[in-house]
Amino acid sequence: MFSPEYEKRFLKHRSPTARSLFSAGESSSSYDRFIPCRANNNWQTNFASISSKSNENSPQSSKKQRDCGENARDSLAYSCLLKNELLGTGIDDVKLVADEANSNRTGLFKYQSPTKQDYNEQCPYSLSPVSIKSQKLLRSPRKATRKISKIPFKVLDAPELQDDFYLNLVDWSAQNVLAVGLGSCVYLWSACTSQVTRLCDLSSDSNTITSVSWSERGHQLAVGTQHGYVTVWDVAASKQVNKLLGHSARVGALAWNGDVLSSGSRDRLILQRDTRTPSQVPERRLVGHRQEVCGLKWSPDNQYLASGGNDNRLYVWNQHSASPVHSYSEHMAAVKAIAWSPHHHGLLASGGGTADRCIRFWNTLTGQPMQCVDTGSQVCNLAWSKHSSELVSTHGYSQNQILVWKYPSLTQVAKLTGHSYRVLYLALSPDGEAIVTGAGDETLRFWNVFSKARSQKENKSVLNLFTNIR
């Protein structure tokens with residue numbers, strides 16, 4: 001029974017209809033029951049309600065899922081263990097339970113009775129207090145949680161490392177040697193011995209280094225210069241074996257294809273030359289860009305060359321035509337970041353500068369654009385993992401961060417920070433496990449970002465036409 005004062009305040013705030021219904025057939029001074037508010041109850045836990053999927057792909061939701069993933073798996077395993085012992089459900093695989101729960105979510109609530117099985121399957125000679133199914137459940141292997149360190153495992157000083165978006169001054173060879181262009185010199189750092197050697201010094205020519213690129217076997221290093229020529233060095237002998245002329249401005253991008261070296265310059269040209277006999281074999285000139293060429297990458301099968309420029313264009317060339325086979329103009333800023341997927345035939349990723357901030361994916365077999373993700377900051381470099389469908393991107397304005405992405409879902413696996421300037425340079429280690437990044441803060445930072453083990457559930461590429469041929 002309510003107090004008269006409380007009853008008066010209670011009925012005052014109710015509508016006339018509600019008051020009439022509320023007091024119909026009984027005295028206004030007494031009621032049969034009072035239902036308290038249960039707003040703090042956990043309906044999802046108590047009544048198995050289904051959470052909304054509308055925001056599960058958002059970055060905040062992805063972060064929460066990663067943070068709570070391990071606790072959720074432990075809770076699910078414990079729940080299955082209790083069901084086995086108390087209800088005899090016979091669950092022996094947590095993954096199957098999780099998949100079944102996801103597939104059966106069709107309504108707000110789910111009502112079902114547990115299916116009891118034979119309780120007498122316990123071996124009479126077993127020393128374990130739990131059933132055979134529960135023993136199998138506890139022995140089932142758990143997938144290791146992916147953890148990427150937020151701090152670099154090594155930091156090297158790199159004085160005079162230029163803060164220039166259009167240059168490519170860091171490369172890692174197949175023989176585990178890092179080449180870095182610092183001012184007018186090229187330095188080599190051995191990842192095996194940590195020994196540093198100076199390969200060349202162009203200060204006598206009043207020249208500076210604008211790009212470096214290792215050959216596929218790692219025995220030769222191409223060096224692009226401010227004056228427009230390219231030198232090729234035999235690293236073992238510390239000797240210059242070639243000097244390639246032809247550009248009238250600085251060479252900011254280099255890419256090897258066997259013994260053929262492609263070079264991109266501020267003069268808007270791409271030149272392809274055989275480094276063995278440069279004077280006998282005529283150079284191949286690729287004309288298309290209207291501003292400086294700042295990105296060059298050959299496809300894994302060495303059949304196609306992708307080039308990006310300050311004209312916001314991305315071109316794809318083959319070995320037989322002097323004009324591009326594909327031309328993409330969707331980027332709204334300079335295209336320096338270019339990477340071919342080693343897992344999906346014909347898949348090309350590219351990133352745009354400050355006014356664009358997007359990573360775009362292209363099907364070069366058909367020429368059609370695919371996915372696009374806005375990263376929120378200038379995209380400086382891209383590199384695919386050698387062992388799984390993941391890629392890493394480095395960024396400049398305004399967050400100076402390093403992001404690891406899972407493809408094709410394009411969810412962020414990790415976000416690494418540490419550089420105080422734009423992360424303009426990126427190279428992948430020969431084992432495919434680590435990366436090195438360079439920035440205008442004159443440091444080189446080494447990170448472990450990729451797993452060396454190949455993913456067991458590798459997605460089959462719909463781009464690879466040869467997988468369907470029997």
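# Chatting through the strands

Colleague: Which residue does S307 stand opposite in strand 16?
Modeller: In strand 16, S307 stands opposite Y315. Strands here are DSSP runs of E with at least two residues, numbered from the N terminus.

Colleague: Before we go on, what kind of model is this?
Modeller: It's a predicted model, where local features need pLDDT of at least 70 and side-chain atom pairs count only at pLDDT 80 or more, while totals for chains, interfaces and linings use all residues. Residues are numbered from 1 along each chain as its sequence is written, and side-chain values use heavy atoms, with hydrogens and water left out.

Colleague: Back to S307, then. What is its partner in strand 14?
Modeller: That's L296, whose bridge partner in strand 15 is S307. Strand 14 (residues 293–298) and strand 15 run antiparallel, joined by 5 bridges; two strands pair if DSSP finds at least two bridges between them.

Colleague: And how many bridges are there between strand 15 and strand 16?
Modeller: There are 5, and strand 15 pairs with strand 16 (residues 314–318) in the antiparallel sense.

Colleague: What's in the turns of those hairpins?
Modeller: Strands 14 and 15 have 5 residues between them, and N302 in that turn has a positive phi of about 60 degrees. The hairpin of strands 15 and 16 has 4 residues in between, with N312 in the turn at a positive phi of about 70 degrees.

Colleague: Is strand 15 mostly covered or mostly exposed?
Modeller: Mostly covered: of the 6 residues in strand 15 (residues 304–309), 5 are buried. Buried means under 20% relative accessible area, with a 1.4 Å probe and protein chains only.

Colleague: New topic. What order do strands 6, 7, 8 and 9 take in their sheet?
Modeller: The order is 6-7-8-9, in an open sheet with antiparallel pairing. Strand 6 (209–214) and strand 9 (239–244) are at the edges with a single partner strand each, so one side of each has no neighbour in the sheet. On average, neighbouring strands are turned by 25 degrees against each other, direction ignored; the axes are lines fitted to C-alpha atoms, and angles run from 0 to 180 degrees between N-to-C directions.

Colleague: Where does V212 find its bridge partner?
Modeller: In strand 7, at V223. Strand 6 and strand 7 (residues 220–225) are joined by 5 bridges.

Colleague: Which residues touch the most others in the largest nonpolar core?
Modeller: L178, V186, L188, L221 and L444, out of 34 residues in that core. A nonpolar core is a set of buried Ala, Val, Leu, Ile, Met, Phe, Trp, Tyr and Cys residues joined through side-chain atoms within 4.5 Å. Strand 3 gives the most to this core, 5 residues.

Colleague: What is L178 in contact with?
Modeller: Leaving aside neighbours within four places in sequence, its contacts include V170, W172, L188, W214, L444 and F446. Contact means heavy atoms within 4.5 Å.

Colleague: How many disulfides does the structure hold?
Modeller: It holds 0; a disulfide would be a pair of cysteine sulfur atoms within 2.5 Å.

Colleague: Why is C200 without a bond to C185?
Modeller: Because the sulfur of C185, the closest cysteine sulfur to that of C200, is 7.1 Å away, too far for a bond. C200 is buried, too, with a relative accessible area of 5%.

Colleague: And C380, buried or exposed?
Modeller: C380 is buried, at a relative accessible area of 0%.

Notes:
Buried < 20%, exposed > 50% of the residue type's maximum accessible area, 1.4 Å probe, protein only.
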